[in-house]
Amino acid sequence: MPELPEALSRLPFSVIFVVKQEPMSILGKIRTAAKSAFDQIRNEKFKLNLLQAIPFWVASAITGLVAVLYARLFALAERGTAYILHTKAWLLFLISPLCFVTSWWVVKRWSPYARGSGIPQVMAAIELANPKTNEKVNKLLNLRILVVKFISSLIMAFGGGVIGREGPTIQVAGCIFRKINEWLPGWWPKISKRNMIMTGAAAGLAAAFNTPLGGIVFVVEELTRVHISYFKTALFTAIIIAGLTAQALLGPYLYLGYPDVSHLSGYVFLWIILAALLAGLAGSGMSKIILGIFRWKDKFRSSTQHVLFVGGCALVLVAAAIFINTGILGSGKELMTTTLFTKEKYAAWYMPLLRIAGPLFSFTTGAAGGIFAPALSAGASIGATLSGWMHLAPADTNILILSGMVAFLTGVTRTPFTSAILVLEMTDRHNVIFHLMLAGMVASLVSLLVDKHSLYDHLKYQYLHAVLKEDAVAEVKQHAGESTGKSPGDSAEEPAG
């Protein structure tokens, strides 16, 4: 302890303590007042529920803030790509491969489980969130993944990658909720780790799209394997807080806007069914091709092969953008808003092919980036192209575009109700809810002809297998090191036989 001045050293110790603690007196008073107010609550059950709710509230507010920051940075990255494309497009032949390879390398070097959408990782984490395998969840949800997810996807978006920010936002939210749960002191009332992750995923989706009902339905239809009554209060409050936090910074916005779907034709249901059939098959077919590319890439044995593949994907996308149509690049939100809200309602016959090819050359690189928004834009292009072939009226064209969005997303995710509710909340067109649900159900049924499982289900099992295999290999190495007197890190091999 440093020497005190002579005058101060003659004071009683209690006075010295008060003097030295004065800078902390304000914080101390706040803590004392909060604890005093909390202790005055006589209802023990209410106190318990309050303590259990606080982590959800804190995590939800942080999720809303992070989602807004991510949305603004992602939009800035896409605007940067558009600026280069319309000023010196040839630069993309240099910038895009560099961005794609850098984005892939960041994930490979720092956090392999940050690649791709993030939703399969959250699904796998929920499966592992039990007393036996709970420690393995940290491989899929941690703060390093949060940072790498941000960096990799933003670099990818600046390079023109056909990715979205919604899936990554869900994994980022899962990381936040998971970490808040881990930081709780030992005396805090226990909170279900699985419910915390599921609630975080719902809050992330709600904040990303500004779709609170979509977040709830997403948990029920895609994520949860337990009855929602066990955590419905936490789920609802988390979505409300995350959504209100995002709205406080971005305003009460709609992801798309208010398309005109009034005065629809009496026979429009026939066209909706046709659009749903085509879009559902296209979405599930694209997922099947993506999985095939992943299996082919598993045969790569060197980083050079990966670099050549990733750089080649970037060059193909840039060439298609410059020589065919620039609409192939980016998340595709501009295509959706153009066809829904301008007179350019009909898409060229090749636009659906481009919007399907975009995720094939972006999502399969191994970089971070979602597939929600690209799937919606691919479905919109199918609806707009089909409407152009039949020369439908603007209102009928709009409902076909929305139905195509629902159907294509359903083909990828196999969540018809989530897809319908998301598109419904993006546009605030409640009068067409039955049209959108019809599109989702038709797409869900026709997708079974291609594959019985969704893209997310396949990827979830891959992540589960990878996590469990890593631990099994680590245990084998540890036992081998103990039996031979070597450390697990020794690379020397034992003689055969």
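Here are some friendly notes on helix packing, pockets and cavities in this predicted model.

1. Let's begin with H7 and H8. Helix H7 covers residues 143-158 and helix H8 covers residues 166-182; they pack with their axes 9 Å apart, at an angle of about 155 degrees. Since angles over 145 degrees count as roughly antiparallel, H7 and H8 are therefore roughly antiparallel to each other. The crossing of H7 past H8 is left-handed.

2. If you want to look at that contact in your viewer, select Leu143, Ile145, Leu146, Lys149 and Phe150 on the H7 side, and Pro168, Gln171, Val172, Cys175, Ile176 and Lys179 on the H8 side. By class, the residues of this contact of H7 with H8 are eight nonpolar, one polar and two charged.

3. H7 also packs against H5. The axes of H5 and H7 cross at roughly 170 degrees and come within 8 Å. H5 and H7 are therefore roughly antiparallel to each other. From H5, the contact uses Ile95, Cys99, Phe100, Thr102, Ser103, Val106, Val107 and Trp110, while H7 brings Arg144, Val148, Ile151, Ser152, Ser153, Ile155, Met156 and Phe158. The contact of H5 with H7 comprises 11 nonpolar, four polar and one charged residues.

4. Now for H14 and H16. The axes of H14 and helix H16 (residues 372-390) cross at roughly 35 degrees and come within 8 Å. This crossing of H14 and H16 is left-handed. Leu335, Met336 and Thr339 of H14 meet Ala373, Leu376, Ser377, Ala380, Ser381 and Ala384 of H16. The contact of H14 with H16 has six nonpolar and three polar residues, with no charged ones.

5. Which residues lie nearest the centre of the largest pocket? They are Glu78, Gly332, Lys333, Glu334 and Leu335, out of 37 residues that line the largest pocket. Its volume is about 1,000 Å³. Leu335 has a part in two places, as a residue nearest the centre of the largest pocket and as a member of the H14 contact with H16.

6. Where does the lining of the largest pocket come from? Helix H4 (44-87), helix H14 (333-341) and helix H15 (351-362) each supply at least two of the lining residues. H4 provides the largest share, 10 residues. Sorted by class, the lining of the largest pocket has 16 nonpolar, 12 polar and nine charged residues.

7. The second largest pocket holds about 880 Å³ of space. It is lined by 24 residues, and those closest to its centre are Pro112, Arg115, Asp298, His306 and Ala466. Helix H5 (92-110), helix H12 (268-297) and helix H20 (455-484) each give at least two residues to the lining of the second largest pocket. The largest share there is that of H20, at eight residues. The lining of the second largest pocket divides into 11 nonpolar, six polar and seven charged residues. H5 is worth a second look here, as a helix of this lining and as the partner of H7.

8. How many cavities of 30 Å³ or more does a search of the whole structure find? The search finds two. The second largest cavity has about 30 Å³ of space. For a selection string, its lining is made of Ser284, Ser287, Lys288, Leu291, Gly411, Val412, Arg414, Asp451, His453, Ser454, Leu455 and His458.

9. Which helix gives the most to the lining of the second largest cavity? H12 does, with four residues. H12, helix H17 (394-413) and H20 each supply at least two residues of this lining. The lining of the second largest cavity has three nonpolar, six polar and three charged residues. H12 and H20 thus appear in the lining of this cavity and in the lining of the second largest pocket.

Definitions and conventions: Residues numbered from 1 in each chain as written. Predicted model: local features only at pLDDT ≥ 70, side-chain atom pairs only at ≥ 80, totals over all residues. Heavy atoms only, no water. Axes fitted to C-alpha atoms, helices over the stretch in contact; angles between N-to-C directions. Parallel < 35°, antiparallel > 145°, perpendicular 65-115°, else oblique. Left-handed = near helix turned anticlockwise from the far one by under 90°. Contact = heavy atoms within 4.5 Å. Nonpolar A, V, L, I, M, F, W, Y, C, P; charged D, E, K, R; others polar. 1 Å grid on protein atoms, 1.4 Å probe; cavity = no way out; pocket = protein on both sides within 12 Å on 5 of 7 lines; lining within 4 Å. Points joined across faces, edges and corners; volume = space filled by probe spheres on them.
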